[in-house]
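User: Could you take me through one spot in this model, a loop and the strand just before it, and then show me what lies around it? Plain talk is fine.

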Amino acid sequence: MFQCCFCQRPPQSRGSSGASPELSSTCPAEMVKMTKSKTFQAYLPDCHRTYSCVHCRAHLANHDELISKSFQGSQGRAYLFNSVVNVGCGPAEERVLLTGLHAVADIYCENCKTTLGWKYEHAFESSQKYKEGKFIIELAHMIKDNGWE
């Protein structure tokens, strides 16, 4: 049985699917379970709060990967994450955002193909360099899962 590398608790059962997920060695913080027989490419551990796609419930990010809640997307508030799962990335393009010129690539849910936000590929201003390689997901496209009270 797998244990969460942060809280050392075994993950909770996922129901009667019968699939036995494997722990990925290439995942963020080594916390993503990979599976071939389920709908999504990756599942985050049940013992941590997660964010999922509001449209199809695919896991997107672990709460521990949240950097900031103070971002603005095209459809309202958005969160900045260090890493995400189950997302695809489009081509990078230069955009003038509220904080200046950035090279960004739209990200979308790998399961339902909904555009969720973007990935910062390059920041042209030195004060914005901390965003490079990080991900924005708009609140309109995600829901809280697992252990939120």
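Analyst: Let's start at Arg 57, which counts as partly exposed because its relative accessibility is 42% (under 20% is buried, over 50% is exposed and partly exposed is in between, using a 1.4 Å probe and protein chains only). You're looking at a predicted model, where local features need pLDDT of at least 70 and side-chain atom pairs need 80 or more, while totals for chains, interfaces and linings use all residues. Numbering runs from 1 along each chain as its sequence is written, and side-chain values use heavy atoms, leaving out hydrogens and water.

Arg 57 sits in the loop between E4 and E5 (strands are DSSP runs of at least two residues, labelled E and numbered from the N terminus). Its backbone is worth a glance: phi is near 70 degrees, a positive value in a residue that isn't glycine.

Now step back into strand E4, residues 50–53, where you'll find Ser 52. Ser 52 counts as buried, because its relative accessibility is 0%. Leaving aside residues up to four places away in sequence, Ser 52 touches Arg 57, Ala 58, His 59 and Leu 60, and also His 141, Met 142, Ile 143 and Asp 145 (touching means heavy atoms within 4.5 Å).

Two of those contacts, Leu 60 and Met 142, lead into the largest nonpolar core, which has 17 residues (a core is a set of buried Ala, Val, Leu, Ile, Met, Phe, Trp, Tyr and Cys residues joined through side-chain atoms within 4.5 Å). Leu 60 and Met 142 are among the members that touch the most others, along with Cys 53, Phe 81, Val 84, Leu 116 and Ile 137. E4, E5 (59–62), E7, E9 (100–109) and E11 each supply at least two residues of this core. A second, separate core of 7 residues includes Phe 71, Val 104, Trp 118 and Tyr 120.

Ile 137 ties several of these names together: beyond four places in sequence, its contacts include Leu 60, Phe 81, Val 84, Leu 116 and Met 142. Ala 78, Tyr 79 and Ile 107 are also on the Ile 137 list. As a general rule, nonpolar side chains tend to be buried together in soluble globular proteins.

For a companion to Arg 57, try Asn 86, in the loop between E7 and E8 (87–97). Asn 86 isn't a glycine either, yet has a positive phi of about 60 degrees. Asn 86 counts as buried, because its relative accessibility is 6%.

Terms used:
Helices (H or I, at least four residues) and strands (E, at least two) are DSSP runs, numbered from the N terminus.
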